[in-house]
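User: I'd like to practise reading a model feature by feature. Could you take me through this one?

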Amino acid sequence: MKITRILAYRVELPLHETTYKWSGGKSVTIFDSTIVQVETDAGLIGYGEVCPLGPFYLPAYADGVRAGLRELGPHVLGQDPRQLAKLNRTMDAALKGHPYVKSGIDIACWDILGQASRLPVCELLGGRYGNDVPLYRAISQESPEQMAAKVAGYRAEGYHRFQLKVGGDPDVDIARIHAVAAKLQTGDRLIADANTGWVQHEAVRVAKAVRDVDVYIEQPCLTYEECLAVRRQCPHPFVLDENIDGLDVLLRAKADLAMDVVNLKISKFGGLTKIRQARDLCVSMGIAMTLEDSWGGDIATAAIAHLAQSTPPELLFTTTDFNSYVTVSTAEGAPQRVKGRMAASTAPGLGIRPKLAVLGEPVLAIGG
Ligand code: MG
């Protein structure tokens with residue numbers, strides 16, 4: 001089987017909550033997502049999605065996905081989409097770095113492999129655990145009172161894990177954590193994600209001020225070393241995210257005892273093939289994971305669900321359903337949240353069927 005053509009579509013994804021805000025005054029109102037369509041000479045077609053969290057979260061931006069595909073696409077034509085390690089080696093030889101550019105092609109090829117073998121992607125990624133996976137809800141950065149109200153509302157919708165966007169003024173963040181914690185019940189999990197927004201002394205202050213709160217602290221500072229210094233003074237379970245973008249730093253963080261949980265994002269690693277390596281390494285090392293992506297709609301959420309549900313449940317800390325945050329649906333068959341949980345499709349591949357009328361005309365076509 002050979003890849004014959006690659007198309008890309010640009011889709012705007014507005015938010016039900018209008019705006020998503022996090023540390024440092026950063027925000028997004030309409031997400032700019034790229035849906036990648038990979039066609040083959042066997043008639044099978046696969047889909048992937050890459051949606052950066054704006055241009056200032058990770059080293060990725062929406063137009064960069066398309067520009068990168070224009071560069072990378074011709075090298076992928078003629079490759080067998082089912083031979084994923086080989087395909088990734090070809091992509092890495094053709095374009096150094098830029099993992100997020102490769103992610104959409106890789107996901108689409110897993111979709112094709114699943115269709116060709118008549119197996120859901122989660123079974124190809126190692127096997128399906130249980131009936132569904134637990135979701136967290138990200139709580140956009142607002143006043144302490146507004147965030148506490150949002151948590152109460154999403155709790156009523158069935159979520160039991162809440163990731164607060166902090167990383168602002170440390171005193172306000174302390175109030176945010178206390179206000180939200182007051183709304184929680186037994187079994188709920190609270191994560192305060194600073195998204196690199198605190199400097200080291202502020203992070204230590206916040207951790208000490210919420211010493212008595214049952215809360216996880218995620219990525220307090222910009223650098224790995226700053227985070228490690230905070231971790232060593234922090235009584236809370238600790239999550240690393242932005243700094244963990246490859247196997248080298250994952251192994252270093254394990255050796256340094258730098259985290260209890262790691263947040264792995266598909267496009268940060270460059271697709272399902274590469275994140276699977278990191279996921280399986282974490283399973284072997286006993287490190288729990290939040291498995292997700294930067295953002296996305298139905299297709300990204302489908303890929304996340306297959307990754308999450310093929311992970312041993314005791315090491316899957318949480319995952320996310322981005323398609324429920326946005327107002328536009330791009331595919332049939334994507335996971336739908338039920339009582340704060342979602343399930344990967346049992347259909348072959350990702351189990352999604354794109355809504356071509358929503359995708360519109362492709363913005364990019366390579367080959368064919
Ligand atoms: Mg995070």
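Analyst: Gladly; we will go through a metal site, a sheet, a helix and some backbone angles. Keep in mind that this is a predicted model.

User: Let's start with the metal. Which residues are the protein donors of the magnesium ion?

Analyst: For a metal site, begin with the donor atoms and then ask where they sit in the chain. Here the magnesium ion has Asp-193 (OD), Glu-218 (OE) and Asp-241 (OD) as its protein donors, at 2.1 to 2.3 Å. Along the sequence their spacing reads D-x24-E-x22-D. Asp-193 belongs to strand β9 (residues 189-193), while Asp-241 is in the loop between β11 (238-240) and α9 (247-255), so this pair ties together parts 48 residues apart in sequence.

User: Are Asp-193 and Asp-241 buried or exposed?

Analyst: Both Asp-193 and Asp-241 are buried.

User: On to sheets. What is the strand order in the open sheet of 4 strands?

Analyst: The general idea comes first: strands of a sheet pair through backbone hydrogen bonds, in a parallel or an antiparallel way. In this open sheet the order is β5-β4-β1-β18, and the pairing is antiparallel. The edges are β5 (45-50) and β18 (364-367); each has a single partner strand, so one side of each is left without a neighbour in the sheet. On average, neighbouring strands here are turned by 20° against each other, direction ignored.

User: How many bridges join β1 to β18?

Analyst: Strand β1 (residues 3-14) and β18 are joined by 4 bridges and run antiparallel. To place that pairing by eye, find Arg-5, which stands opposite Gly-367 in β18.

User: Which helices pack on this sheet?

Analyst: Look at which strands a helix touches, then at its direction. Helix α3 (residues 99-117) lies across β1, β4 (30-40) and β5, running at about 150° to β5. Helix α12 (residues 298-309) also packs on the sheet, where it touches β4 and β5, and its direction makes about 95° with that of β5.

User: For contrast, where can I find parallel pairing?

Analyst: Try strand β7 (residues 136-139) and β8, which pair in the parallel sense over 4 bridges. Within this pairing, Ile-139 has Leu-164 of β8 as its bridge partner. Strand β8 is mostly covered, with 4 of its 5 residues buried.

User: Now a single helix. Which residues of α6 are buried?

Analyst: An α-helix has 3.6 residues a turn, so residues three or four places apart point the same way. In α6 the buried residues are Pro-170, Asp-173, Ile-174, Arg-176, Ile-177 and Val-180. Viewed down the axis of α6, they fall within an arc of 160°, so they line one face of the helix. That set packs against α5 (144-156), β8 (161-165), β9 and α7 (200-209). Length can be checked too: at 1.5 Å a residue, the 12 residues of α6 (residues 170-181) should span 16 Å, and its end C-alpha atoms are 16 Å apart, which agrees.

User: Last one: what is the phi of Thr-18?

Analyst: Most residues other than glycine have a negative phi. Thr-18, however, has a positive value near 75°. Its place is the loop between β1 and β2 (20-21), and at 53% relative accessibility Thr-18 counts as exposed. His-98 is another non-glycine residue with a positive phi, about 50°. You will find His-98 in the loop between α2 (84-94) and α3; at 42% relative accessibility, His-98 counts as partly exposed.

Methods:
Residues are numbered from 1 along each chain as its sequence is written. This is a predicted model: local features need pLDDT of at least 70, side-chain atom pairs count only at pLDDT 80 or more; totals for chains, interfaces and linings use all residues. Side-chain values use heavy atoms; hydrogens and water are left out. Donors are N, O and S atoms within 2.8 Å of the metal (3.2 Å for Na, K and Ca); water is not among the atoms, so sites may look incomplete. Helices (H or I, at least four residues) and strands (E, at least two) are DSSP runs, numbered from the N terminus. Buried means under 20% relative accessible area, exposed over 50%, partly exposed in between (1.4 Å probe, protein chains only). Two strands pair if DSSP finds at least two bridges between them. Axes are lines fitted to C-alpha atoms, for helices over the stretch in contact, and angles run from 0 to 180 degrees between N-to-C directions. Contact means heavy atoms within 4.5 Å. The expected span of a helix is 1.5 Å times one less than its number of residues. The arc is that of the directions from the helix axis to the C-beta atoms.
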